[in-house]
Each structure stands twice: as structure tokens, then as C-alpha cells.
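Thank you all for making the time this morning. I would like to walk you through one model, beginning with its charged pairs and then moving on to a helix and a surface patch.

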Amino acid sequence: MLGKLKIILLKTYYSFPVQLLLLHFRKYQVLLVFWAILFSTVNGGFAKVFGGDALFLNPEYLGRVNFYSTAILGIATGMFTMSWHITTFILHTQRFKFLATTAQPFFRYCLNNSIIPFAFLICLLMRGWEYQHNSQLSTLPEVLLLAEGYICGYMFIIFFSFFYFFGADRNIGRRLTRKYGSPRKFVRLILKPTQEPDENALPVHNYFFTPCMVRRARKVDHYDKFYLDSILKQHHFAAIITVAAALVSLVILAFLMDYNVFRIPAGASVLIFFAFLIGVSGAYAYLLQTWAIPLFLVILLGLNVMVQSNVVDNRNKAYGLDYKQKVHRPVYSPLALQHFFTEERRRADVDSGLAILQRWRAKFTAGRKPLLVVMNFSGGGSRAALWSMNVLQRLDTLLQGQVMRHTVMMTGASGGMMGASYFRELYYEQQRGQPVHLSDTVYTERISRDLLNPVFTSLAVNDFITPFRRFRIKDNYYAIDRGYAFEQQLNRNTHNVLNRTLGEYYAPEAQGKIPMLVWNATINADGRRLMISPQRISYLCAPQYLYPTRTARDIDGVDFGQYFSRQRPMDLQVTSAIRMCATFPYVLPNVYLPSDPIVDVMDAGIRDNFGQETTLRYLYTFRKWIDENTAGVVYVQVRDTRKNDISRIKESQTLSDVMFAPLFTMQAHWSAMQDFNQDHELNYLEGYFPRKFHRVIFQYVPQQEDKAAALSLHLNSREKLDIADALNNPTNQSAFNYIKLLFTR
């Protein structure tokens, strides 16, 4: 019994599928990285914080998840799988030359090389079922239809590829017949009985001849090596053509992305991009052998020189801003900032701000002082954008359309400002007589539409494959990259109401018709805030000292409109201002500014995730006027995380926790530390408005702690419902009741 078991184990170990699997781990492990990324992403590991699993488990095409969208994902999975088979076939078949003696060598190879692809296929289908049922709330027939689409797309590519390689087998047979003539002559030429065994060959006992049939592998020591190599190389040529097809597909997608029908699901784009990369990696390693690493280092050095000399310049720019003029660029240095943001400039801008407040005050009756509302919105991707819209709509309904009329300023970070910008624009449209009902749920549906798919699709097909593409605004050219894709999709989602320039808001803000809105970003060079507004706001760029202890002002912010006055700042696209405020690392590209030297900016949340510092400085600057002319300040904070929350410490730790947890402790508590610091500042400000300062906080608290909406640019159906239900949380209900009481007393 033990002897039979030993024989079975030996046969299994020396079977072709097992030997291939082990070979993948022994040689060219870099090719397994692609599978590791895909497995980790689908299972909620890699890129979970960005919603990476949704790219594969909830693929959107033309704004919908249906049979066609999953079929496209299946086609892309098939392309990646075939690229994997082709590349490893080229690299490994020299060790398994018995394949050259079989009919359809490539088919036999793929059949035995399918352990990893088949495992991924099963994993994706199971995770897709779970995701669609639990997160998208899809019915059983809907989930089955999506699975059917995926399998159909996958099998289409598999059958098409084998049809192509079967044709290659027939062509090889015809060429050999023409070359060698009669079968007897052919056999005499290819048989070499005295030939030495191939040292590179790996022992194989058996292989799958068909999915249901196992055959013993032939010995090939008596075959001419040149003949065997010629058979395999004919397939190598056919394989290279397939890899080239992936590159052509990516280039076509890049140039046709502006057409909706060619904007395929992001997961599909990533898979096609991986198919191209894995093919190139394999061809590179196969052709160069031991020269692969040295040449790779030379290529990196060459790219570095090209980037340094600006031959390759793919830095992202703020759309509408003038980068062509290089003579009058503002100098960016501490001394230059102090010379520019002078006390005289601050006083002039304060007078301008007071004039806006007086026009705002004129909207109300003279006999009764109005409440003054300021609003802050936290960052948090689409989750924060949808939460902000939900809160603003509820406030608008509760206060019968009065909340925006009483609001003088709105600011914040990232996704929250996306929702605030959209709501303010809808209010502006309403003020101009457009048929806009601010409480309509269509607007929350639009702001929560997917932004992640176009960003990742563009990352694959534009940023890497065609980084040279540009578009033009006036006489400036800008890169077509994932930043461009984000802004285009945001405009499409919101029906182009945000397709405005910064200058278009100057007059309505200055006249007090709509609240001032300040977009913030963080300057990477030194951590200063970049504050974007059509108004002159230099009074927000430095603290005001009642009793100055030094002659120089401590400039900790930059008024974008004034400092870049020669670069046409009022032509800045509003979507670019939103993007600069919401530039999460890697997801969106950092925006660089035309200063001397240049600086780049990213997410406002790095400096202040709630926009509170800007608001506190605004209230402090106009404290006397506000105290004399209003009934008090209502400070509304809309945040997508729980305040004073405590992260649970794990009872048991993994090795990765021990290794990496200390590195990310600061990041995990970043918002909490900002809260503590800003609460301390707020405590001092309240003293300037005794019994007239009211702080109201609305916070997104998930119904289940472990199922909170992801910090991503994509939300599933369950997450959208969870965000909407958070309005009815007891804490938020108390906040709504309190603000209603303030406006009715």
C-alpha cells in the first residue's frame, strides 16, 4: 500500500503541471508578481483603500454594470491569461522539448500551465458573487447574468487564440513537408540515436493530453535538437504577434478614450496593460538572457537623463493656468513671500472682505441681525462627497432653503469639497432662475457616480503607453493623463455644471449672492497651504499679531489668485481646483505650478483635513464686524469620520504588524491629531463671540464598523445606502434639531 502511494506521489510530482508550477517559482519570479497583484487586489488586499477590488468585482461600462461590462472584463482576463501562457511558453519550452513531438504543442502547454489562471478564475467568480450579492445588493439572476458575461468573454479569447495557434501548427507542418520531402527522409534527418541528453531538460513523467486524459511524456533524446528548436521557435514567432496585439489595443484605447463606447472598464484596461507588460518582460528576458539586468540599468539611466533635461516632461499642470510665459514667474522663497504678502496688502484685502460681508448683510432686514454660517468639509474621496451632499440637502430642506442664504464661506479638503462645490453651483443655478430643486436625489446620485474606473483606465493606457498626448487651452498645452480623465468624468457625472473657470465666480461671490468658497491644497516643498479663490484673501495667508514681536510676518499660506496674477489664475478650471484639493497620492498626479523654482501641490488633507484653520483665521479677521452685525456664528463641520474615535489595538499581531505598524502609526492617527490641535485653537476663538458661537458637527458613522464605506473614488450600492442612513444617526439627528432651533428662535 505504501509502495503504491509512493509511486502515485512520484508520478504527481513529476507530472507536467506540477513541474511547470515549480519552475515558475524557481525561474522568472517577476512574472508571478502580476498574478500576486491580481489575487491580492481581488481579495481586498492590494489597493483596498483606493477601491481596487471594485475595478474587477464591479466593472462599469457606459456607466452600468451588466453582461457587456463583465464580458469585456472576461475578454481582458483572457488576453492576460494567454499572454502569460505565451510568455512562459517562450521561456520554458526549451526544458520540455517532448512538446515538439505532440500535436498542437501550444495547446498541450496551456492545458498543463493552467493551475494559476484557473485558480484566479475561480477566485474572481467567487469574490464577484460575494461582492455583487452583499455590496451591490444584486439578485441571484442578476449575479448569474454577470458571471455568464464574464465567462463568455473569457472563453471567446481562449478559443480564438487556440484557433490561431492551431493554424500555426498546420503552417509548420506544411513548411516541414516542403523542406524534407518524403516522410522516410524526414525521419532519417530528425532521428539522432547517438545524441547526448539535453542538460537543460527537466524530467516529466506524464501530462494532460486533454482535460480528461493523461499521457506519458515521450523521451526526445534521440531527436535532433535543431529540429525540436525549429518547431518551438515557429510558435515563438506566433506568440510575439499576440503580444504586439495587446500593445496595439492599448494605443487604440488611448486615442479613442474620449468616445464613451471605447472607455472600457478600468479592470479590463489594467489586465490588458499587464498582458502587454508580461509579454514585454518575457521577450526581454528571453532575448537578452544574462544581459537583461545591465541593459535595464542603462535604460533607467537614459530615462533619468531625458527627464532631467525635460526631453520627457509628463508633469501634470493646472488646466487654464499659463505655463508658457517663463519671464514673469513669481519667485517662491520665504523672503519673496514676505515681501509679497505685506501688511498693506492684507489691509486692502480685509477691506475687500468687509465689503462682501456688508453686501451679504444687506440681503436681510435691517431690524433683525441674521445668523452667520461658515461650513467646513472633510476629505474622504467619493464617500465624503456624497456625505457632504446628503447633509447639505437635509439642511436645505430642514431650514426651508435658508442655509445657503446665511452662509458666507465654505472650505475644506478633498472629496468633501467636491460635494460642496457641486452643491454651491446648483444653488447658484437656482439663484439665476434655473429649475433646480436642491433636495432632489438625482444630485446625490450624480456626485456618487464612479470616478475610479476612468482614472485607472487612463493610468494604464495614457500615463504609461501614450504619455506624449496633449490637449490645448488657448496657447497652453496640457498632458492627457489620469488627472485629465478625472476632470472629464467629473464633468460628465455632474452634467457639466462645474465646467467653469475660477473667474466666473468672482462677481456672484463679491456681490454676496453665493458663499465664498476656498479650495485648499498643500505645497509639497514646505507644507504651506495654497488657497484658491477668485477673491483677494491674503489675510488668510499669515496669522495676525495684535502685539507683534517680530518685523517679518510668518507666511504659512499662498493666495493663488494674487501670487500667480501674471499666469491668468482666473482662467483656472474649477475642476482643476477641486482636483488640486483632492490629489490623493498615486491615484491622481501632483499638480506643479509655474513659479521659480517650480513647486507642486497635493491633497489639502495633509495640512488640514477639515479646513478648520482657514475658517478660524477668517472668523478671527472679521471678528469685530461679525460680533456687531450678526446674531452669532453657526460653525458647521461636515466630516466623513467619527470624531474622538479610538482605533482598536489588535489582541494578537501578525509578523507584518510588527514590521510595519510603527511606520504607519502617524498616518493612522493623522486626523485625530489635527482634531486635538484645532479644538485647542477653536477654544480661543469662541471667546471673541461670547454666547454667540455655535458649533454643529455632522459625522458619518457606519451602521456596522467593519463595513464602513471605503475611502475611494468608487462607491457600491450598499455603501451609498449606508451613507444616506447615517443622516438618521441619533448624534446627527441631535445636530439637525439643534441647528433648526437656532434658526427658529
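Which residues are linked in a network of salt bridges? Before I answer, please keep in mind that what you see is a predicted model. The network is made up of Glu425, Glu429, Arg432, Arg500 and Glu504. In the structure as a whole there are 22 salt bridges, and I would like to take a few of the others one by one.

Let me start with arginine 568, which is partly exposed at 28% relative accessibility. One salt bridge joins arginine 568 to aspartate 475, with 3.1 Å between the closest N and O atoms. Aspartate 475 sits in the loop between strand E6 and strand E7, while arginine 568 sits in the loop between helix H22 and helix H23, so this pair ties together parts that are 93 residues apart in sequence. Aspartate 475 is itself partly exposed, its relative accessible area being 30%. Arginine 568 also meets the side chain of aspartate 571 in a salt bridge, at 3.3 Å from N to O, and aspartate 571 is again partly exposed, at 22%.

Next comes the salt bridge between glutamate 487 and arginine 579, where the closest N and O atoms are 2.7 Å apart. This pair, too, links distant parts of the chain, with glutamate 487 in helix H20 and arginine 579 in helix H23, 92 residues apart. Are these two residues buried or exposed? Glutamate 487 has a relative accessible area of 3% and arginine 579 has 0%, and because buried means under 20%, both count as buried.

Turning now to helix H30, residues 730-744, its 15 residues should span 21 Å at 1.5 Å a residue, and the C-alpha atoms at its ends are indeed 21 Å apart. The buried residues of H30 are Asn732, Ala735, Phe736, Ile739, Leu742 and Phe743. They cover an arc of only 125 degrees around the axis, which means that they lie on the same side of H30. That buried side packs against several elements, among them strand E4, helix H15 and strand E14, whereas the face turned away from it carries the exposed residues Pro730 and Thr744.

Finally, on the surface, Leu62, Tyr259, Val261 and Phe262 form a nonpolar patch, together offering about 400 Å² of accessible area. Within this patch, leucine 62 belongs to the loop between helix H4 and helix H5, and with a relative accessible area of 52% leucine 62 is exposed.

Key
Residues are numbered from 1 along each chain as its sequence is written. This is a predicted model: local features need pLDDT of at least 70, side-chain atom pairs count only at pLDDT 80 or more; totals for chains, interfaces and linings use all residues. Side-chain values use heavy atoms; hydrogens and water are left out. Patches are made of residues with over 30% relative accessible area and no salt bridge: like charges are joined within 9 Å, nonpolar side chains (Val, Leu, Ile, Met, Phe, Trp, Tyr) within 5 Å. Accessible areas come from the Shrake-Rupley method with a 1.4 Å probe; for residues, only the protein chains shown count as cover. A salt bridge is a side-chain nitrogen of Lys or Arg within 4 Å of a carboxyl oxygen of Asp or Glu. Helices (H or I, at least four residues) and strands (E, at least two) are DSSP runs, numbered from the N terminus. Buried means under 20% relative accessible area, exposed over 50%, partly exposed in between (1.4 Å probe, protein chains only). The expected span of a helix is 1.5 Å times one less than its number of residues. The arc is that of the directions from the helix axis to the C-beta atoms. Contact means heavy atoms within 4.5 Å.
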